[in-house]
Each structure stands twice: as C-alpha cells, then as structure tokens.
Amino acid sequence: MSNHSLGGALNFKKKQQKERWTLGEEKADQFIREHRALLEPIIAAARRPAPWSKPMYTSMARPMSRQRNGWRAISNDVRAAREADPITMTRTPSPVRPQGPSRENHYVPEWYQRGFRVAGADNWFLDISPPRPRPDGTPILARPRQRPPKACFWQNDLYVTRFGEYLNDQIETVLFQGIDDYGAAAVRAFIGGDVVQVHDQYQPMLAYLGAQKLRTPKGLDWIRSRYPALSQLELMREMQHLRQMFGTLWAECAHEVVSAEDSAVKFLITDHPVTTFNAGLPLDASLLDYPNEAPITWNGTQTLFPLDAEHLLILTHVPYAKDSGSVELTAKRINARYFGHTMLRTDTLIRGRRFDTDAVLAVNAWLKTRAHRYIAAGDREWLYPERTTTVDPETLARLLLPLKRELWRHGGEIHIGYKDGTFGYRDAYGRTSHEHEFVAKEPPAAPPGPADRCPCGAKATFGACCASLPPWERPPWDVLSLRERNLGFLRAIGGVLELTEEDSWQKVQRTLSDEQVARLHRISRGLWPEGTDLAAMLPRPGDGGLRAIYMGPSDPRTAGESIMSLVPLFDQVLVMDPVLASRNLRPEYSPVDSPAQHKQQFLKNIMFWLMLEPLICAGKVLVFPDPGDLSPEFEYAMRTMAMERTAQWCLEPQQLDEFRWLLRDDVKRSMLQLPDRVLLSLVKDAAPDQGEEHHLGAVAYMRRQGEEDPMALLQVLEDEKTLDQMFVVRCVNLEVALFMAQSTGAAVVTDVRALWDHLHLHTRAEQATAPAPTYGQIALNAPLNPFDALAVYATEGAAAVRTVLDGLLTTADAETNSSAISDLVENLRASCAVLGQGVPITREELQVAMHLTPSVPPSGFESPTVQRLVVAFGRERAPVTVRLALFRRTFGNAPRVDDDDPD
C-alpha cells in the first residue's frame with residue numbers, strides 16, 4: 001500500500017471513531033455497514049497499481065510464464081513518480097489537524113492538464129455549453145479564461161458519498177489517487193517511447209484509460225443511462241466494477257502514438273478525454289446523443305486519447321486497420337467482448353507519424369464535439385477549430401488509420417509455451433481454439449431479397465426479419481443461429497442414437513453406450529464454443545414477439561407443466577439446456593472423458609430434448625446454454641452475485657420438498673442398474689421377516705417398473721466403478737433469468753417458490769404481490785402434450801390471452817396507474833377461463849388445471865447487480881428492468897412419479 005493510501009485508510013478509521021462520538025453508536029455503525037461494500041474494494045485497489053480482479057491480458061514481449069510479471073516494475077514507477085513530484089503525488093493528512101473531506105473532485109487530473117500548457121502558462125479554459133439568454137433575448141457568450149489546473153475540470157461532490165451530515169471522500173483520496181499515480185507514470189512512458197518503460201506500463205495505461213473514461217460526468221451519466229435509478233453509493237460501486245471492462249478490447253487493438261510536433265496547433269484537452277470515433281455513424285445519429293458514444297465493440301470504432309498537447313494515442317481494431325473496406329463499420333467485431341483474457345504484444349506500439357496543422361485541427365474539431373461542457377488548450381485560438389475546419393468523418397477516418405506497413409506484427413495466430421510444459425493458443429481475434437469453425441456458415445454473397453429466407457437463421461423472410469434493422473441490431477449472419485443450433489443438436493441425437501420410426505425407445509434404454517454419451521457431449525460443446533456471443537443471437541426486445549423465460553429446473557419430469565403449458569400463452573418460451581458443458585469439468589467428472597457415470601442423467605436430458613422437439617421445430621421454444629458455460633467471466637460474476645444474495649438464506653423444508661422428490665426418483669431409478677443379487681440382498685435387508693418368494697417377487701416388480709419407465713436406463717452394471725451415477729438438475733437462477741429477460745424483453749415465469757420469493761426480495765419490486773383481488777390467482781386449463789399445446793396456441797382464445805399479456809408489458813413499461821393494470825388482469829382472468837375450449841385434447845390426463853399469479857411492480861424488477869451483467873455481457877441497448885412476472889402452480893397435488901409408492 002502506498003503512503004498516501006495508508007494515510008487515507010488510517011484517517012478513515014479516525015473519522016469512524018470521531019463520528020461514533022458525534023453521531024452516536026447506532027448511526028455510526030449503520031453508516032459503516034452501508035459503506036463497507038464500497039470502501040473495501042477502494043482500499044484493496046489502492047494496495048495494487050493495476051486494479052484487475054483477475055488477469056485480463058498478458059504481455060508478449062518477454063518470455064511467457066504462468067505467473068504474471070510487472071507488479072514490481074509498476075510499484076517502482078509509482079515510487080519514482082512520487083520522488084519526482086512529491087507535492088502532487090503524496091498528500092498525507094496532517095497529524096495535528098484532521099483534514100476535511102475533499103469535495104472539489106477533479107475528473108480530469110491536474111497532472112494531466114499540465115501536459116497541455118505552453119511555456120508553463122496556464123491553459124485557456126472555455127465553457128461550450130449552450131449560451132444562456134439575457135433578459136432581452138440576446139445570448140450570453142462564454143469567453144475563454146486562463147485558469148490554473150486546480151480551477152478546471154472539477155465538480156463539487158462528484159464522488160462524495162454521504163450519510164446525514166457525514167461526508168466520505170475515499171473515492172477521490174484513495175481510489176483515484178492510486179489510479180492517477182500509475183496513470184501519470186504510464187502516460188509519461190508512452191510519450192517518451194522507451195521500449196522497456198512502455199512494456200512495464202502497458203497494463204497500467206489500459207487500466208487508467210478505463211477509469212478515466214468512466215470517472216467524468218459524461219462517463220457517470222452513461223452508467224446512469226444503462227441502469228435503473230442509482231443512488232450515489234450504488235453509482236460509485238458500479239463505476240468501480242465497470243472501469244475494468246474495456247481493457248480486453250483495447251489490448252487487442254493496434255496502438256499508435258502520433259505527434260503534433262510539425263503542427264502550429266496542438267491537441268485540445270476536454271472534460272471527457274477518452275473518446276471514440278466511428279466513420280460509419282452520421283454526425284446526427286441518435287446513438288451519439290449524450291451521454292452515448294460509438295460502442296468500442298464495433299469494427300470501425302477507434303479510441304482517441306490525447307496524451308499531452310503534442311501526442312495522441314489512437315487504438316484501432318486490427319481487422320479495420322488492415323482492410324477498412326472489407327468490414328462493416330457499425331457491426332460488432334468478431335469475438336468482441338468486455339472483460340476476458342487475451343494476449344498483448346508490448347513491442348508493437350506504432351510511432352513516427354506526425355500530424356500537420358490541418359490534421360490536428362480535424363482531430364480537435366471531433367474532440368470538441370464529443371466534449372460535454374468544458375474544453376481547454378494552451379492557446380486561446382486552439383479552442384475554436386470549427387473556424388477553419390468542419391468535422392468530416394471520411395477525412396478523419398483516413399487520418400486516424402495507421403499506415404498498413406506498420407501492421408505486419410498485428411493479427412495472426414499466437415502459440416504459447418509455458419515453463420510448466422503446458423501450452424496455449426490465440427487466434428487473431430483472441431479465441432483460444434478452433435471450436436468456432438464448427439458453427440460457422442457462409443454469409444450471403446449478395447444482399448438477400450425481401451422474400452428470401454433471412455440469413456440470421458430465424459424462421460422468417462428477410463423482409464419480415466432483418467431488412468429494417470441497422471447492422472448493429474442484426475444477429476450475426478456468419479454463424480449458426482440459436483434455432484439452427486437447436487435443430488442441429490436434435491439431428492445429432494437422431495443420428496448418434498440411430499433413432500428410426502420402427503425402433504422403440506427401449507432400444508435406446510438398453511443400448512446407450514459410453515461412446516454415444518461422449519460423442520453427443522462433444523457435439524454439444526462444439527455447438528456452443530467458449531466465447532460465443534449469446535446476447536447477439538437472442539431475439540431482440542421490441543421485435544413484436546411476446547416471450548417468457550422459464551426460471552426453474554430443466555427436467556423432463558416437470559417439462560410438461562412448466563414449459564409446454566406456457567406455449568399457448570406466449571409466442572416463444574426460452575428454456576435452459578440441461579446438457580452439461582464438458583469443457584468446464586475435470587476429466588474424472590467429464591461426460592466426454594468419463595461417460596459411464598453420466599448415462600442415466602444423459603438419458604433424461606435426451607428425453608427432455610425429444611419432448612420439446614415439436615415445439616423447437618415450430619419456433620415456439622428456444623433452448624439456450626448456460627451463459628456461464630460460454631464465458632468464465634460471466635460465470636464468476638454471476639456466482640459472486642448469487643453467493644452474496646444467498647449468504648444468509650436457507651431453504652425452508654416446504655421449499656426443499658419441491659426438489660426432494662426428484663432426488664428420490666433418481667435414487668429409485670439408479671437401483672434398477674444393480675445386479676439381481678445386489679437387489680435381492682437389499683430387499684432382504686429391508687424385509688427380513690418375509691420369505692424368499694416375496695423377496696424374488698419384489699425384485700421382479702422393480703424390473704417391471706423399469707420396463708415401463710421411459711427415463712430408466714435398462715442396463716445392469718456389473719462393474720462397481722460404473723455404479724456411481726451423476727445426477728444434475730440444471731436450473732435458471734435469479735441472475736440468469738433477469739439477464740435473459742432483459743436481453744430479450746421477456747416476462748419471467750417460475751413455479752419454484754424460493755425463486756419467486758427472491759425475485760421480489762432481491763430486486764426493487766415494490767408491493768409486487770399486493771393482496772388485491774385483481775392480482776390473485778388466475779385459473780386455466782393447460783395442455784401437457786406438445787401437439788395439443790400448438791393446437792391451443794392457434795386458437796383465437798390463446799391470441800386474446802397473448803394480447804392481454806402483451807398489454808400488461810406495454811402498460812407496465814409506460815408506468816400507467818394501477819387501475820389500468822387491474823383492468824388488464826381482470827381481462828386476463830376472463831381470457832384464461834375459456835382458453836382451449838373446443839380444442840380436442842389427445843388424452844384427458846395430458847391436460848392439467850393450473851393457476852397463474854401475475855406480479856407487475858410499479859418500478860419493475862430492477863437489480864443494479866444484475867444490470868451489471870447486462871452492461872458487460874448483454875446488448876448495447878437492453879431494457880433496464882423486467883416488467884412482468886408470473887407464478888405458475890398446478891391445482892391440487894402435482895403428479896409425482898413416486899406418489900403411488902411411498903416406500
């Protein structure tokens with residue numbers, strides 16, 4: 001920990017003790033509890049120069065090893081920086097008189113502003129906000145003034161959190177002090193160009209850029225725009241998490257430092273120094289409206305950061321830099337992702353280009369248009385680049401592209417050997433394997449016609465699907481869609497298991513082999529390679545489809561009630577794939593390396609897929625993988641959130657009963673794989689007072705039960721090593737459900753009481769389960785057969801139900817008064833009462849009476865922590881809340897496999 005950081009931490013403890021006396025023990029303890037979640041990561045971040053919670057990228061200029069180097073070098077640079085400028089780098093609070101809170105928060109550091117001065121004179125500072133009118137209507141024009149760095153680019157209480165009269169300034173005095181320390185050293189290294197210093201400062205530079213982009217008023221407003229209403233404390237917490245998100249993309253860019261030494265005009269400094277440019281966006285595009293900027297994930301987006309008055313850092317995606325005409329500028333780059341691991345060569349920094357006056361003016365004109373309110377420059381005339389030039393995207397694009405002869409060291413494949421004998425691989429886009437080739441497809445050579453099938457893979461024509469969408473809204477055309485992968489896996493099941501219409505299902509139960517289990521898991525892994533951009537393939541919110549995400553277990557024993565019963569109510573139901581991702585398991589547990597122990601579970605998973613096959617083919621059900629199986633960073637973030645949510649929670653016995661019967665059913669089914677001699681021994685132990693004839697009859701009865709059970713593995717396992725079977729019930733949890741619902745605009749449906757309770761307890765749902773009669777249970781008859789479900793879906797009654805549900809979502813989005821929602825709920829009740837009438841059902845027992853309980857909270861189901869997943873791994877413009885949830889319950893006791901045989 002640096003001296004300043006330690007002083008800040010000790011000073012905070014003194015403030016705690018003082019506040020206990022002035023505010024009282026109870027209020028002081030409350031403040032400390034509420035701020036602990038914010039302060040702990042701040043003080044922890046101050047202990048290390050580069051604040052990555054996990055390794056995000058590794059330099060390649062020196063020999064590779066499993067251990068990441070550079071921390072000692074970073075610490076030495078920070079120490080050297082403090083020795084060079086002890087006044088600005090170290091500000092230890094006075095031990096005699098307590099230091100007051102720092103309330104004038106500089107979002108552009110003072111040390112950075114000094115780099116734009118000319119001959120040591122103060123910079124000229126200009127307010128570019130729209131002029132205010134005088135009483136006579138004439139505008140009051142702002143005039144530039146020379147101001148010292150201390151008087152520029154600050155805002156009162158920008159980072160301060162408060163509890164009553166108590167003000168906390170640890171964001172300014174601890175977190176950003178440490179960031180500015182290593183940021184200053186990194187900027188100096190990139191300006192100087194020394195190869196060794198640049199190598200040592202690459203990680204700090206990218207870390208500093210991420211923090212600087214979000215610490216400004218514009219950056220903080222961008223965070224607010226992507227979240228529901230945030231308190232100041234929540235805003236600071238989210239800023240800390242998100243400041244690391246851009247590093248992976250920037251590390252994979254081509255990096256160039258251009259000079260303004262040959263120009264009579266030097267670079268501007270703005271109140272948002274880290275900005276972006278994309279030549280494919282018109283200047284008046286709504287996507288550039290405040291506080292938005294061109295997304296860094298797009299092919300043609302370049303990041304600009306003036307290092308000082310003489311130097312500009314430009315970060316450009318390599319495919320665009322190498323061939324700007326071959327990529328769609330406003331489409332997402334291949335394998336573009338926030339967070340994640342990648343590799344970085346630190347010896348490829350491009351230098352040498354010198355901008356003339358016209359080029360610098362063009363850059364300054366763009367920088368000024370992206371500023372929020374304030375700009376500054378070393379000369380008064382430099383503040384007005386628009387007087388001599390206009391922003392021309394084509395001209396600026398040519399200026400910012402690096403020279404092609406400098407790009408020979410960028411792109412291509414990287415093969416890595418580690419000291420421990422292992423090896424690694426990265427392709428030109430940061431992918432770690434060739435698995436993506438399995439799901440690649442050729443995009444259309446010519447633009448499709450309106451009547452052609454849409455290249456995105458949806459079951460629609462191009463004119464009805466992607467024709468009206470801009471490139472950044474379209475699903476990818478060069479990989480299999482979500483539906484195409486679902487259909488592909490169904491075909492693989494039929495091919496690997498050799499299913500024919502003549503064969504009975506018992507053939508599969510008797511002949512399922514280890515190789516078939518392993519092969520289908522390999523195919524599943526190939527269909528969902530690591531790094532798959534799931535959010536890009538999901539249906540878009542607002543495309544006219546009414547969708548639901550099922551928050552519960554993916555199991556064939558409950559699929560009829562939980563999933564098929566929802567088909568008439570929605571246009572599409574999203575369900576999680578129950579098949580395990582073998583890449584995330586150790587060999588002894590992997591279904592690819594150790595398939596024998598997965599036979600029983602995989603038989604159920606195959607049954608689940610085949611039960612849903614008619615609905616998948618009809619486009620009414622989409623099976624999606626666990627997002628955590630595709631992204632280790634998503635998995636880590638999601639599990640951390642779930643653990644925090646459930647830290648003080650235990651399942652109640654009634655809630656546990658909802659799943660206990662599934663476990664009992666699996667145990668009973670697994671006993672059928674035991675040899676007769678073992679079964680007979682178990683029966684004798686259970687009924688020692690019965691005779692041999694009774695014992696043999698019990699074993700025969702168990703065998704007959706297995707013959708009638710479609711989910712039983714009809715194989716006797718003689719080898720003791722294969723008797724251990726793994727049973728896994730995959731379930732959509734709260735975090736994944738909200739992420740998927742916001743990414744698709746879907747409603748959340750569950751029949752798990754614990755998840756329903758958490759949906760209301762751990763979101764901002766206010767009085768979501770009010771006991772008003774209009775929010776009570778809604779009765780309906782639901783089909784359990786997929787073909788019956790499709791027949792009911794096609795009726796006018798089902799269309800009326802969907803119209804009312806869509807109205808509930810629309811009304812909730814418009815935040816209409818509760819009386820309008822109550823009227824819609826009553827309409828839903830009436831529509832559900834006649835649902836399915838007149839539709840012949842295949843079998844009476846394949847229809848169940850159930851009820852729905854709608855929940856439409858005034859503020860929706862908002863969660864700042866889950867929204868962090870949406871910002872980091874979801875769509876660029878996803879909704880910030882989920883408006884509708886339904887709790888589904890079957891009337892009476894739900895049918896259970898073991899109800900008739902409690903013993």
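Three exercises on a predicted model follow, each with a worked solution.

Residues are numbered from 1 along each chain as its sequence is written. Local features need pLDDT of at least 70, side-chain atom pairs count only at pLDDT 80 or more, totals for chains, interfaces and linings use all residues, and side-chain values use heavy atoms, without hydrogens and water.

**Exercise 1.** Determine whether Leu 230 is buried or exposed, and list its contacts beyond four places in sequence.

Solution.
- Locate the residue: Leu 230 lies in the loop between helix H8 (217-225) and helix H9 (232-242); helices are DSSP runs of H or I, at least four residues.
- Classify it: Leu 230 is buried because its relative accessibility is 18%, where buried means under 20%, exposed over 50% and partly exposed in between (1.4 Å probe, protein chains only).
- List the contacts (heavy atoms within 4.5 Å): Ile 223, Leu 235, Arg 764 and Pro 864.
- Compare sequence and space: Leu 230 and Ser 863 are 633 residues apart in sequence, yet their C-alpha atoms are 10.0 Å apart.

**Exercise 2.** Place Leu 651 and classify its accessibility.

Solution.
- Leu 651 sits in the loop between helix H21 (632-645) and helix H22 (653-671).
- Its relative accessibility is 38%, so Leu 651 counts as partly exposed.

**Exercise 3.** Place Arg 147 and classify its accessibility.

Solution.
- Arg 147 belongs to strand E6 (residues 145-147); a strand is a DSSP run of E, at least two residues, and numbering starts from the N terminus.
- Arg 147 is partly exposed because its relative accessibility is 32%.
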